[in-house]
Amino acid sequence: MNLTPISVKLDIGNGRIVTIETGKMARQADGAVTVRLGDCILLATVVANKEPKPGQSFFPLTVDYQEKFASAGRIPGSFFKREGKLSDYEVLISRLIDRALRPLFPDDYFCEVQVLVTLISSDAEVLPDALACLAASAALAVSDVPIQEIISEVRVGRVDGEMVINPTRSQMEKADMDFIVGATAKNIMMVEGESKECSEEDLIKAIEVAHTAIQAQVKAQEELRQLAGATAKREYEKPHTNEELKAKIAAFAQERIHQVAKSAMGKHERSDAFHQIGEELETFLNIDELPEEDQPLVGKYLHDLEKEVVRNMILDESVRLDGRSLDQVRPLNMEVDLLPSPHGCALFTRGETQSLTTVTLGTPDDELLIESAATSKYSKFILHYNFPPFSTGEVKPMRGPGRREVGHGNLAMRSLRQMMPGSEYAYTVRVVSDILESNGSSSMATVCAGSLALMDASVPLPKHVSGVAMGLISRASDGKWAVLTDILGDEDHLGDMDFKVTGTRDGITGIQMDIKVDGLSMDVMRQALAQALRGRLHILDAMYATLPAARPEPKPHAPRMEKLIIDREFIGAVIGPGGKVIQEIQRETGTTINIEEVGETGEVSIFSAQKEGLDKALTWIKGIVAVPEVGEVYESTVKSVMPYGAFVEFLPGKQGLLHISEVSWKRLENMEGVLSEGEKVKVKLVGTDPKTGKFKLSRRVLMPKPEGYVERPERPERGDRPDRGDRGDRGDRGDRFGGGGRPPRGGGDRGDNRDRGPRPPRPEHDAPAQFIGDDE
């Protein structure tokens, strides 16, 4: 037993070393490697059947990426406590690998292939998705599975203005560009990502930087392949062909196909016309009399001929299937606010593609939990994409969203997310796109409809976001090529590139590109991006004409929201002991309140279906966190009435004594009939007691002063009192407020018989007694 591994290392920058190793794990697979960066380790395996299934006419490739929770020292939170079906996060990474690998296999290779990539050790700072395709390609490289080229993928992020290859999680938090690029040593194969309105040239630069890094990774894989001795690829059974039959089909159907292709029919009419040609061809060939092995070739050769004829028509005649020019966008129609109950909605139609998109505003309780092995976080922006079978006139079982739906929804979500408000916007926002018709680029229709629906729901997007799908037709024989704007479904199928670009008038926010041919130059890329910009701006003009800006207020039936930032020290006061205060506010105002501690502040989010309740709760909380200011006037509520004044609440949770002397300019003997509990009264904060911190309030200063009123002189300062010495036994002073009263100051037995001398005379007028403190 030999478990000695074979490995190669490469430096990806800043001293970070990637190690690719084979020969130690999963040795019964056709190919198996581990890829390590820091503490992050991925295991990739590939197994391919030796023979295709009988009658197999397509390439069955399966790619699955999965993260083991043990890799991060965690136990799954599900009821079964084990990994289940792939999460959307894992599906998206699986798609990144699949889209880059698929073009590597020969067109006539139909054996089933399964590629599995597993995260077996996690690093908090390493993003594993950037390494997953490298691991999958390396597993294929050391196997005898017949791939044509070696590839790799890297993430390129722009951090502080610099392009960084495979940045860390911490760096990505500061990045304004995030793209995953897949390529061979010579050609770009796949691009996907998002940015905060980058320019077309910025995107080109990011792709070029990524390609340089990928070339080094491809070289490392070739070195590993040589060290492992995996130099020969297996032979496989080629499918049956018949060139004579192919020529006979071309002679019969080529001109017929051309006439249908240039007739500018609708999607279903064109499909019916091609189907009619197929039936006529079967009659012409007397298909039942053909050898059994030739019968499946009729449909294949006819389909290949359709593809060839349409491609040549576009390149040689600049004529497209629906009659448009190469850079023309299909007719547009947009409508908002067409459904009465959703919080926001839009119907976007472009040609034969249509999206009905709705927006729902929720509270922080509706946030989506997104878990991976290394992270567990909540998202306040959710976008779901649905593709029912009737959208293409088909009958299929409804099995829930597949990988395609997850991928299309993610592209639209990333594109719109760049314009979503930040943490100060407390709503959880869910966007749902239901595709009602589809003939090309329904994901871009989702972006446009989503932008309109968000603004219809009063989500404060600063700018509209639109998207357009581009296509490429090229011919290797003479090097001729053409870029198509707003491609149809058929053009996507027969073309050499599917290139989706989203953005605002000021820059790109999202991109997804799959290239099916070799040799895509940067000149072609620049042409495609420039043409995509013109198409995007054309759609944006129509969107702004439909709804120029976000509505200022949510719809009447939508929940109202206000967000308040408070000092962290006030969080406890708003919540109250055992939640008493916040529960009372919610009960009295009919609101939902969420408080989150963020750094040195607290974020208070208030939600209500009624504006009155929202305003009441907002005022209540502002009062709790407000710092009383001397000189300010407050609307207060009388809480209790005493003989010497009234205790009033002038801010939530803050009370002070309105002394009887400060109730009115008129001298009052008592408070009977003057104020009552629950009464509203305006007061002014005139000061605080320096010793006790109690608030001094006055009502009379807000009233006009009576004519001829004479202010009472201030009581003279007593100065420092001398040491009284030992006062001894003070004796029985009796009841202080009744009964025996107080002994005369000059007589009685008070221990030492001190003589304070005569007191200054007290002024004689009707002014109220001077208010010194809050105590009676």
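In the predicted model, Phe59, Phe105, Tyr109 and Tyr236 come together as one aromatic cluster. The chain holds 11 aromatic pairs in total. Within the cluster, Phe59 and Tyr109 make a tilted pair, with 5.9 Å from centre to centre and 50 degrees between the ring planes. This pair joins distant parts of the chain, since its two members are 50 residues apart. Phe59 belongs to the loop between β4 (40–48) and β5 (61–67), whereas Tyr109 belongs to the loop between α1 (88–101) and β6 (113–121). Both residues fall below the 20% limit for burial. The relative accessible area of Phe59 is 14%, and Phe59 is therefore counted as buried. For Tyr109 the corresponding value is 0%, so Tyr109 is buried as well.

A further aromatic pair is formed by Phe650 and Phe695, whose ring centres are 5.2 Å apart. Because the planes of these two rings stand at 80 degrees, over the limit of 60, the pair is classed as edge-to-face. Here too, distant parts of the chain are linked: Phe650 lies in strand β26 (residues 645–651) and Phe695 in strand β29 (residues 695–698), with their positions 45 residues apart. Phe650 and Phe695 are both buried.

Aromatic rings also occur together with arginine side chains. Arg256 is placed over the face of Phe252, at a distance of 3.9 Å from the ring centre. In a second case, the ring of Phe387 has the charged end of Arg404 over it, 4.1 Å from the centre of the ring.

At the level of the whole chain, the secondary structure consists of 14 helices and 29 strands. The radius of gyration is 39 Å, while the globule rule gives 28 Å for 776 residues. The value for the chain is well over that of the rule, so the chain is more spread out than a compact globule. Along the principal axes, the C-alpha atoms fill a box of roughly 140 × 65 × 45 Å.

Of the 776 residues in the chain, 49% are buried. Among contacts with a separation of 6 or more, 69% are between residues 24 or more positions apart. The accessible surface of the chain amounts to about 38800 Å², and carbon and sulfur atoms contribute 50% of this area.

Note on methods. Residues are numbered from 1 along each chain as its sequence is written. This is a predicted model: local features need pLDDT of at least 70, side-chain atom pairs count only at pLDDT 80 or more; totals for chains, interfaces and linings use all residues. Side-chain values use heavy atoms; hydrogens and water are left out. Rings of Phe, Tyr and Trp (its six-membered ring) pair if their centres lie within 6.5 Å; planes under 30 degrees apart count as stacked, over 60 as edge-to-face and the rest as tilted. Helices (H or I, at least four residues) and strands (E, at least two) are DSSP runs, numbered from the N terminus. Buried means under 20% relative accessible area, exposed over 50%, partly exposed in between (1.4 Å probe, protein chains only). A charge sits over a ring if NZ of Lys or CZ of Arg is within 6 Å of the ring centre and within 35 degrees of the ring normal. The radius of gyration is taken over C-alpha atoms; the globule rule is 2.2 Å times the number of residues to the power 0.38. Contact means heavy atoms within 4.5 Å. Accessible areas come from the Shrake-Rupley method with a 1.4 Å probe; for residues, only the protein chains shown count as cover.
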